[in-house]
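Student: I am new to this structure. Please take a close look at one part of it, the aromatic rings, and tell me what pairs with what.

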Number of protein chains: 2
Amino acid sequence: MKDYTQILRNKKISPSIQRIKILEFLDQHRTHPTVDEIFTSLIPIIPTLSKMTIYNTLKIFSAKGLIKSIPNSENVGHYDFNVSPHSHFKCRLCKKVYDIDVDLGVTIGTDIDGYKVDEYNLILEGVCKECNERIKK
Amino acid sequence: MKDYTQILRNKKISPSIQRIKILEFLDQHRTHPTVDEIFTSLIPIIPTLSKMTIYNTLKIFSAKGLIKSIPNSENVGHYDFNVSPHSHFKCRLCKKVYDIDVDLGVTIGTDIDGYKVDEYNLILEGVCKECNERIKK
DNA sequence: AACAATATTAGAATTAGTCTAAATTTATAT
DNA sequence: ATATAAATTTAGACTAATTCTAATATTGTT
């Protein structure tokens, strides 16, 4: 069992019960949850929880590099506990978003035509393994 | 001057004045406009224009491959006339989004671990040329 | 010209996210 | 320990983007 309290302290974030539970939830649900999903899952545990707290908390976590917000085309924030460089694959059919490793030609810190790149987000789209098998039949 | 009417007909989209003007606007403004920007720019030309028409139109254009919606982290739709594979660079300082060419290790049509990739969106973030020059001083 | 099909429109409804000010909790200094 | 200050959480009002809906306008076809 990870010590989320300590993880927060290390980042100089005071470890309220709300913050601990939000961080734990993101670690244990690597499906890039939305604020609404986090809220719905935690409200039974913290009955007074407000969405505002989740918005605040996610903003603090992002600023401190504990989590990342991931770009998407549906106009709802999605958050990722995994901050190490990796890419996302979105299935056109089942809509799931998978983490995948892609050898990107670009490396963080490099210059491209004078543009200093310090972060990247690669979103691949297509049909996932499972759906691919399913539609073959 | 491009024949937008013909472009629409080729895609089997009936060329209403609204659709023609929206397509023309996107072609001539490669800054990844939002619905609101399109609306504000076209309302002087088509005074009865409704935002609903823009939403409908962009959905049709995307479905027919005339334009692409580009993922972002700000929860507002951005649209791109450029549908050929290319990447976006977002400047952390001036917030502008530039089109840039990056040699991605991935090619459309390939399989990565059984995932069939048919589209990608690469968003790079960092500091752009101009801002870089500016802050050096 | 009459009719059907399609597109556009305004306005209501929904949803994600922000703002604000009060209440609660936590930390600090005596 | 207690008073006080600082930080956090909360509910509810508010805003902005988007969707829904039903009426109206336009277009295409016989």
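Tutor: What follows goes through the aromatic ring pairs and then the charges that sit over rings. The model is predicted. Over all chains, a search of the whole structure finds four aromatic pairs. One of them joins A:Tyr115 and B:Phe89, whose ring centres are 4.7 Å apart. Their planes meet at 50°, so this pair is tilted; the tilted class lies between the cut-offs of 30 and 60 degrees. This pair crosses between chains: A:Tyr115 belongs to strand β6 of chain A, residues 115-127, and B:Phe89 to strand β3 of chain B, residues 87-91. Both A:Tyr115 and B:Phe89 are buried.

A:Tyr115 also forms an aromatic pair with B:Tyr98, at 5.3 Å centre to centre. With 55° between the planes, the pair of A:Tyr115 and B:Tyr98 is tilted. It too crosses between chains, running from strand β6 of chain A to strand β4 of chain B, residues 97-100, where B:Tyr98 lies. Buried means under 20% relative accessible area. A:Tyr115 has 8% relative accessibility and therefore counts as buried. B:Tyr98, at 16% relative accessibility, counts as buried because of that value.

Turning to another group of rings, A:Phe89, A:Tyr98 and B:Tyr115 are linked into a cluster by ring pairs.

Charges come last. In chain A, the ring of A:Phe39 has the charged end of A:Lys51 over it, 5.4 Å from the ring centre. In chain B, the charged end of B:Lys51 sits over the ring of B:Phe39, and the distance to the ring centre is 5.4 Å.

Technical notes. Residues numbered from 1 in each chain as written. Chains lettered and ligands numbered in written order. Predicted model: local features only at pLDDT ≥ 70, side-chain atom pairs only at ≥ 80, totals over all residues. Heavy atoms only, no water. Phe/Tyr/Trp six-rings, centres within 6.5 Å; stacked < 30°, edge-to-face > 60°. Helix = DSSP H or I, 4+ residues; strand = E, 2+ residues; numbered from the N terminus. Buried < 20%, exposed > 50% of the residue type's maximum accessible area, 1.4 Å probe, protein only. Lys NZ or Arg CZ within 6 Å of the ring centre and 35° of its normal.
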